[in-house]
Amino acid sequence: MSLRARLSLFVVLAFLPMGLVLLHARQELGDLARGTVARETLQVAHAAALRHGRALAETRVALEVLSRLPGVRENPGLACEDFIPSMMADRPYYTVVGVIDASGRMVCTVPALEFEGNFSDRGYFREAFRTGEFAMGSYQVARITGRPSVTLAQPVPGADGEVAHLLAAGIDLEALAAHAGIELDGRDATVTVFDREGTILVRFPEGAPLIGELLPPELAEAARAAPGERVLGSFRDIDGQDRIFALAPLAGPDPAGTPGAWVTVGFDPSDAILGAGRVLRDTLLGLLLMTLLAAVGIWLMLEFFLLRRLSRISGAAEAFGDGDWDARVGDTPPDDEVASLARAFDGMAARVAEMRSRETRRARDEIHDREERFRQMAENIESVFWLSDPLTTRSLYVSPAVERIWGRPAADFMDDDRAWTDSLHPDDRDEAVARLERAGEHPSEVTYRIIRPDGGVRWIRDRIFPVKDEAGEAVRIAGMAEDVTAERHLEDQLRQAQRIEAVGRLAGGIAHDFNNIITAIMGHTQLLLEDMEPDSPLRFEVEEVLQAARRAASLTGQLLAFSRKQVIQPRRVNVNEVVTGIRTMLERAAGDRTAVAFSLAPDPPDVIVDPGQLEQVLLNLVVNSRDALPRGGAVEIRTEVVEVDAAFVAPRPGEMLPGRYVRISVTDDGEGIDPEIMDHIFEPFFTTKEVGQGTGLGLATVYGIVKQAGGFVWTTSSPGAGTTFDLYFPPAPTPTPSPDAPSTDTTGGDARGGSGGHDARGPDADFSGTPGRGSLVLLVEPDLRLRRNAHRVLESAGFQVLPTASAREALALVEAGVFTAAGPDVLLARAELPGVPGPELATMLRKHYPELPAILTSDSAVADTEDLIRSAGSTVVLPAPLAGEELLVAVRRILLEGSPPR
C-alpha cells in the first residue's frame with residue numbers, strides 16, 4: 001500500500017469516531033422522537049376518549065333521568081312530546097330518540113317517523129330487557145335513517161317493577177365524529193372509536209368510508225388485551241400506514257364501568273423522527289464539511305511538505321537502483337527531517353557511485369589482465385583452446401594456435417561451421433564427429449588426423465569437456481586440441497626400437513650360445529692341427545674348418561655388437577686418427593670404381609668409443625655405399641664439430657639433447673633409399689640384396705655400436721639423390737689426471753679389441769720361454785665342451801688344470817682344503833656363471849688367496865659386469881671365443897706379469 005493510501009486511510013480513521021458518535025446521536029434522537037410521539041398519542045387518545053365518552057355519558061344520564069320520571073313510566077309517549085325534543089336540541093349527533101315497548105315495536109320517535117319495524121332482535125334490546133340495565137348496542141346501520149349508528153337503551157320499569165319500555169337514542173356516528181373530533185395540527189394521525197367486536201364506530205379524519213370496518217387483527221387484539229390507557233406500540237393501520245397507537249377506553253354505560261367502546265389514536269412518527277433527522281443531518285453536514293476541509297488541509301500539507309518530497313527521494317532511489325548512478329534528490333526546502341533524509345540519500349548515492357566507479361575500474365583492470373593473460377597463453381601455448389555450442393556444434397571461440405597447427409586462421413572456424421569437419425582425415429572423420437556430438441554427456445578424448453591446406457598430415461589429440469549449468473544441462477563444450485604428431489612419430493620410433501631391441505636380444509642370445517659352439521669347434525680344430533703331420537692330406541680340410549669357424553665367430557661378433565653384448569674396450573680416441581689409420585683399408589673396401597674423399601675437421605675433441613668398433617662402423621658404411629654404386633661413384637667421409645639446437649632435436653624427442661657433438665658423415669651419390677624401406681634399414685637381417693649376397697647385419701651392427709657408445713645415427717636419403725649417414729658422438733669430458741697417478745685402465749686393448757693385456761705387446765708376442773709348466777689353473781666353465789677343450793689346451797702346454805662347472809664347486813674345493821696356502825696360480829672362469837658370477841667368485845677367492853690373478857671370458861658387454869669387475873681386483877676380461885693359442889697367450893701373459901696393481 002502506498003504512503004498516500006495509508007495517509008488517506010489515516011485521515012478517514014481519524015474522523016471515524018466522530019461519525020460513529022453522530023450515528024449514535026441520530027439513533028438516540030430517533031428513540032427520543034418516538035417516545036415523544038408515543039406520549040403525544042396517548043394524550044390525544046385520552047382527550048378523544050373524554051370527548052366521545054362525554055357525549056355518550058350525557059346521553060346515558062339524560063335517558064336515565066327520563067326513565068325515572070313518573071309521567072314517563074306511566075305514559076312513555078309523554079317523553080316524545082315533552083322531554084326528548086329539548087334533549088335533542090343541542091345534540092346534533094342524535095339521529096332519532098324514541099320509546100320501544102316490550103314487543104319490540106316503536107311507540108314514538110323524535111322526530112316523528114312512520115316505521116313498522118320490530119327491534120326485538122337488536123342486541124341492545126335483548127341486553128336491556130335481560131339485565132334491566134343500560135345497554136349500548138353494536139355498530140349498525142339504522143333501520144329508520146339508514147345511517148351508521150349505535151343505539152343507547154335505557155330500561156323504563158312498569159308498575160310491577162319489570163321492564164316495560166325502552167328509551168332508545170340512536171347516535172349518528174358520523175355526526176358524533178364531527179362533534180367530538182379533535183385538532184391534529186395537520187399531522188398524519190388518526191382517531192378511531194371501536195366497540196367490543198373491533199368495529200370502527202368513529203374514524204377521523206377519513207370519516208364515513210371506514211365506519212363499520214374492522215380494525216386490523218393485531219391492533220384489535222392488542223387493544224382488547226390492554227387493561228386501560230396505554231401506548232400499544234407500532235402497528236400497521238387499516239389504511240396500510242405504520243403508526244404508533246395509544247388506547248383509551250370510553251366510560252362504560254353500565255354501573256360497573258365496563259367499557260363498551262375504546263378510542264385509539266395513531267400517529268406517524270416519521271415526521272418527528274425526520275425532524276430530529278434534519279437536525280442531525282444539518283449537524284452532520286456541518287461536521288462533514290469541517291472534516292472535509294480539515295482533511296483537504298491535512299492532505300495538502302502532506303502532499304506539498306511530505307509526499308512530493310518523499311516522491312522525489314523515491315524517484316531518485318529508483319533511478320539509482322536502475323543504474324542511473326548520477327541520480328540525486330537535490331535541495332528539498334524547508335530544512336526539516338525530509339531534507340535531512342534527502343541529503344543523507346545524496347551522500348550515500350555519491351559514496352556508492354564512487355565505490356562503484358572504483359570497483360568498475362578494478363573489475364575492468366582485472367578483466368583486462370585476465371584477457372591479457374588468456375591472450376598470452378592462447379597465443380603462445382602450442383595447444384588449441386576452443387568453445388562450441390552443444391546444440392548446433394557451432395564454434396564460439398578458437399585460439400590463435402589453430403593457425404600454427406591447422407594452417408588456417410581462427411576466423412575460418414568461427415565463420416564456417418564445416419571448416420573443422422572438412423579438415424578431418426576421411427578415415428577419422430566419422431569417429432571424431434560422433435565423439436563431438438556426444439560431448440555434452442561426459443568428458444572424453446579422441447585422437448584423429450587432419451589434413452592441412454598444404455597437404456601435410458598432423459595427428460591431433462582432442463580433450464573434450466562439457467560445461468554444465470546448475471540444472472546439469474550442457475551449455476558449452478570446451479576442448480583443448482594439441483598436436484601430437486611428434487609424439488606419434490616418437491611412439492613409432494619407440495616401437496621400432498623395441499622391435500630392434502627384441503631382435504637384438506634374440507640375436508644376442510643366439511650369438512652367445514653359438515659362440516660357445518664355435519669356441520669348441522675352434523679349440524678342437526686347433527688341437528687336431530697340432531696333432532697332424534704337416535703333409536697330412538687332411539690338414540687342408542681341417543684348416544678350412546678352422547677358417548669357417550673363425551668366419552662364424554666374426555658373424556657372432558657382429559650380432560653381439562648389434563645387441564650391445566660384445567666385450568668392448570671404450571677409451572678416449574680422436575676420430576681423425578681412427579679415420580686416417582684405416583684410410584687405405586677404406587679405399588680398398590670401396591673398390592676400384594668408387595672414389596673415396598676425406599674431409600677432416602681440424603683438431604676435433606676426443607670421444608669415448610672402442611676404436612676397433614668405430615673402424616668396423618666406418619668399414620660397414622663404406623661397403624654399404626659401394627653396394628649402392630653398382631656403376632661406381634663417389635663416397636665422402638667428413639668429420640666436423642657441430643652445435644645441435646632445439647629445432648634440430650624437436651623431430652627426435654627423447655633421443656638427442658641440444659649441444660655440441662662430433663659428427664662423422666659418410667655420403668654417397670648412389671641410388672638412394674626408398675622411403676618405404678627407410679624405417680627398416682637398421683633392422684637385423686633386413687637386406688635388399690639377393691640371397692647369398694648379404695646378411696643384413698651391416699647397418700644393424702652400425703646402429704648397435706653407435707648406440708652402445710652413447711651416440712646417435714641419422715640417415716638422410718631420397719631416391720636418385722644419394723644417401724648420407726650422420727654419426728653423432730658427444731665429446732669426451734676434459735681429463736684432469738694427477739701427474740703421479742698410475743693408470744687404472746684394466747680393460748684397454750689394441751685397435752682390434754683383442755686380448756687386453758697391460759703392455760704394448762700384441763697377442764702374437766712370444767711367450768714360449770716364459771714359466772708356466774706346472775702352474776695350477778682353476779678352470780670354472782659351465783659348458784662341458786668348452787671346459788674339456790680348455791682343459792686339453794692347457795694340459796698340452798704343461799699346465800695343471802683343476803676343472804669345475806660352477807662357482808659352488810670351486811668354493812667347495814677351497815673349503816675341502818684341496819689347495820695349498822698359496823692357492824691356485826690363476827683363475828680362468830666365465831664372467832656369466834650361474835648363481836655366483838665370475839667377478840664375484842674372484843672376490844670371494846681372494847679372501848683366501850689375496851694375490852690370485854683372474855681371467856674372465858665373456859661374450860657380453862663390459863657394462864653388464866663392470867661394477868662387479870671393478871670390485872673384483874686384479875681381473876682381465878677377454879672376449880669369447882677364446883681357444884687354442886689365444887688362451888695360452890692370455891694365461892702366460894698374466895702369469896708373467898703377476899698380479900696387476902689394484
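**Exercise 1. Determine which residues Thr594 is in contact with, leaving aside its neighbours within four places in sequence.**

Solution. Contact means heavy atoms within 4.5 Å. With neighbours within four places in sequence left aside, Thr594 is in contact with Leu629, Gly632, Gly633 and Val635. The model is predicted, so local features need pLDDT of at least 70 and side-chain atom pairs count only at pLDDT 80 or more, while totals for chains, interfaces and linings use all residues. Residues are numbered from 1 along each chain as its sequence is written, and side-chain values use heavy atoms, with hydrogens and water left out.

**Exercise 2. State whether Thr594 is buried or exposed, and place Thr594 in its strand.**

Solution. Step one: buried means under 20% relative accessible area, exposed over 50%, and partly exposed in between, with a 1.4 Å probe and protein chains only. Thr594 counts as buried because its relative accessibility is 8%. Step two: Thr594 lies in strand E18; helices (H or I, at least four residues) and strands (E, at least two) are DSSP runs, numbered from the N terminus. Step three: the side chain of Thr594 reaches the backbone oxygen of Ala590 at 3.4 Å.

**Exercise 3. Describe the sheet that contains E18.**

Solution. Step one: two strands pair if DSSP finds at least two bridges between them. Five strands form an open sheet with mixed pairing, in the order E18-E20-E21-E23-E22. Step two: its edge strands, each pairing on one side only, are E18 (594–599) and E22 (712–717). Step three: E22 pairs with E23 (residues 723–729) in the antiparallel sense over six bridges, and Phe712 stands opposite Tyr728 in E23. Step four: helix H16 (residues 583–590) lies across E18 and E20 (633–644), running at about 150 degrees to E18. Axes are lines fitted to C-alpha atoms, for helices over the stretch in contact, and angles run from 0 to 180 degrees between N-to-C directions.

**Exercise 4. Describe the sheet with the order E13-E12-E16-E15-E14.**

Solution. Step one: this open sheet of five strands has antiparallel pairing. Step two: the edge strands are E13 (395–398) and E14 (444–451). Step three: E15 (residues 457–468) and E16 (residues 474–483) pair over nine bridges, and the bridge partner of Ile464 is Gly479 in E16.

**Exercise 5. Explain why the buried residues of H22 line one face of the helix.**

Solution. In helix H22 (residues 838–846), Gly838, Pro839, Leu841, Ala842, Leu845 and Arg846 are buried. Seen down the axis of H22, these residues fall within an arc of 160 degrees, so they line one face. The arc is that of the directions from the helix axis to the C-beta atoms.

Key
Polar contact = N/O pair within 3.5 Å; in protein donor to acceptor, adjacent residues only side chain to side chain.
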